[in-house]
Amino acid sequence: MIQRIRAHDRRTSVPAVEGLVCIRRDTWRYAAERGGHSLLLACGLLFGALILVFASSASWSQAIPDAPLPQQSQQQGMASGAAQKASFDDQHRPITAGGYVKTGPVIFQNVAAQAGLAGWRNITGTSAKHLIIEAKGSGVCLFDYDHDGWLDIYLVNGSTLDALAGKTSPPHAALFRNNHDGTFTDVTQKAGVANDRWGLGCAVGDFDNDGWPDLYVTNLGKNRLYHNNKNGTFTDVAEKAGVALDESSGSVVVDHTGATFGDYDGDGRLDLFVAGYIQYDFENPPLAGTKGLNYASCQYRGINVMCGPRGLQGASDHLFHNNGDGTFTDVSRKAGVSDPNGFYGLGAVFVDVNGDGKVDLAVANDSTPNYLYINKGDGSFDDQSYMSGYALNGDGREVSNMGIAVGDYENNGHLDLVNTVFSDDTNVVFHNDGKGNFEDYSDRTGLGPPTVPFVGFGDGFLDYDNDGWKDLLVVNGHVYPEVDEHPDWGMSYAQRPLLFRNLRNGRFELVPAVEGTGLADVYMGRGAAFGDLFNDGKVDVVINNLDGAPVLLRNMNPDQNHWVELQLVGGPSSPRDAVGATVYLAAGGIRQRGDVLSGGSYLSSNDMRVHFGLGETATVDRVEIHWPSGRKETLSLPAIDRIFTLAEGKGIIGALCGGKACGRPTR
């Protein structure tokens, strides 16, 4: 029944009614098993209200331009929570662009200009943001494309309607090569990765196991698979490989978003998952008061804003099986991950959430329930979205999920997930019991309440102070420029990032934003990727801002703690880049976990080297690696404060000290 209701909503632009997912039988089981009495009660009440919904749907479908809709209408699919009280700092600035302190430790500084990144700009539509495709922004990928031991930066760009129509030159993506001295050089044209399409996301993975990282870029329309030619250039092989996803039909194109590589069937080759967001009709764009939306208007807090995704036709998701010959086969339906509901997919990541050695699949869906597909080990997945607790937040509501952070913040060996969401809701901390069952710990961890006024996009776990406990950084930015015209709402269009410090007891505290530092700057933040860009053992952050220059938050934290980073190389039965590997490191009385992942955050991909902070501990007791092939190895590290390269079955094969090769250490 719920699928039919949602289809009806899309055709008529009816605001979706919260809680309709309660009709699903698996949701009832989930609520009963977890003691979700409030959810069951809400479902019962909403079931009684369904008659009213159907009775009034006809009148909704006849909405006329500028007709009033309920405040914070669910038709937009952005704000899923009730409007919260405005929050200001002591100078009566919106807390999203204020709340600074005068003094304190300098943790991050934006060094984009000094690094040579500030000359490039993201261009996505017009500043008015009348269309949803203009507001979602783009991702960023960190990877060592030229095998020199230093991370390079790839920034996806958007486009404009004029550029797509051939009236103006299209904006281009950017590949910045790391110069090893704190600066980067734009090598986009030489590398052949400009992607003159309307770009959304990217993911890194060595799909042909030749030892060189390749790059997948998602677009509004056809996607690209840039194969690394091993000489500083790339070739787009998406068409030949069968992963371009040319799903256009007349004037309608599909908006592809989050992508992730992972070896779901254990054959040693990376497969590819691509999330679909909406089907966009260029002849009937979703402009308020037009035919594209049945002449309905869309409102947020009583003002007219852009429309979508609710009210728009969603797009399917795709899983491509790697055939081992440079081509892929679409196995989405066979594997059970095709998204027949047409939910609005954004973030996506292959990750082993239940510890059985097989990668599962998490998909963050905007304004619709999330997906969690558990790998059955036979080439297919079991949709445990509701039963696992990942589909909805702790209130039993679907929220506007965007980014996904993955990490073991308790050092208990279990991977937890944090989804960023829209304002008036808390970002959701999905706490893992180790078996792939999740519970909303947003309030319990302290990570949720401070995020309520913010609109979150990219996020990631990082041990910024190298104390051995994972912290969390969230990148924010609103989607409605109109919020700046209403200062009484206590929110802003450009917003500051939020850094949360791990208190080592299951809770986090918000780190104060010191004036003049990177945490006090405001951005229209979208994609974010995390990695050690300067090979100094500190995790940095690159942010791809909407309609602006990128941000490089260099980690300047004054700690003197120790660290190690591990670059893994898979053997013959594992993906060469070891995507899907899990590393456990024991040191200083704690056992940390790190995973090699592709994708995640918001339409982005992080440094694949696994980073561990060691605190004051000067030795590592042991390292245990669970390779994708199923092989397990335990080894010791002869030193700290360096980047080791470890090969499956061969142990340590190289190391970087201070960013330079330090020879092959002895065990």
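Analyst: Contact here means heavy atoms within 4.5 Å, and by that rule Ser601 touches Gly347, Met402, Gly403, Ile404, Gly458, Asp459, Ala528 and Phe530, with residues up to four places away in sequence not counted. This is a predicted model in which local features need pLDDT of at least 70, side-chain atom pairs need pLDDT 80 or more, and totals for chains, interfaces and linings use all residues. Residues are numbered from 1 along each chain as its sequence is written, and side-chain values use heavy atoms, without hydrogens and water.

User: Where is the place of Ser601, and is Ser601 buried or exposed?

Analyst: Ser601 sits in the loop between E33 and E34 (strands, E, are DSSP runs of at least two residues, numbered from the N terminus). Because its relative accessible area is 1%, Ser601 counts as buried (under 20%; exposed is over 50%, partly exposed in between, with a 1.4 Å probe and protein chains only). The side chain of Ser601 also reaches the backbone nitrogen of Asp459, at 3.2 Å.

User: How should I read the cavities, and how many of 30 Å³ or more does the structure hold?

Analyst: Rolling a probe the size of a water molecule over the atoms shows where empty space is left. The structure holds five cavities of that size (sets of points on a 1 Å grid where a 1.4 Å probe fits but cannot get out), and about 550 Å³ of space, filled by probe spheres set on the points, lies in the largest cavity.

User: Which residues line the largest cavity?

Analyst: Its lining (residues with an atom within 4 Å of a point) comprises 35 residues, with Val406, Phe461, Asp595, Asn606 and Asp607 nearest the centre. Strands E20 (404-407), E24 (456-462), E28 (525-531), E33 (590-595) and E34 (610-615) each supply at least two residues of this lining.

User: How many aromatic pairs are there, and how is one described?

Analyst: A pair of aromatic rings is described by the distance of the centres and the angle of the planes. The structure holds 18 aromatic pairs (Phe, Tyr or six-membered Trp rings with centres within 6.5 Å; stacked under 30 degrees, edge-to-face over 60, otherwise tilted). One of them, Tyr277 with Tyr344, is edge-to-face, at 6.0 Å centre to centre and 65 degrees between the planes. This pair links distant parts of the chain, since Tyr277 in strand E11 (residues 271-281) and Tyr344 in strand E16 (residues 344-351) are 67 residues apart. Tyr277 is buried at 0% relative accessible area, and Tyr344 is buried at 2%. The rings of Tyr300 and Tyr480 have centres 5.0 Å apart and planes at 45 degrees, so this pair is tilted.

Notes:
On a 1 Å grid over the protein atoms alone, a cavity is a set of points where a 1.4 Å probe fits but cannot get out, and a pocket is an open set with protein on both sides within 12 Å along at least five of seven lines; lining residues have an atom within 4 Å of a point. Helices (H or I, at least four residues) and strands (E, at least two) are DSSP runs, numbered from the N terminus. A polar contact is a pair of N or O atoms within 3.5 Å; within protein, one must be able to donate a hydrogen and the other to accept it, and residues adjacent in sequence count only if both atoms are side-chain atoms.
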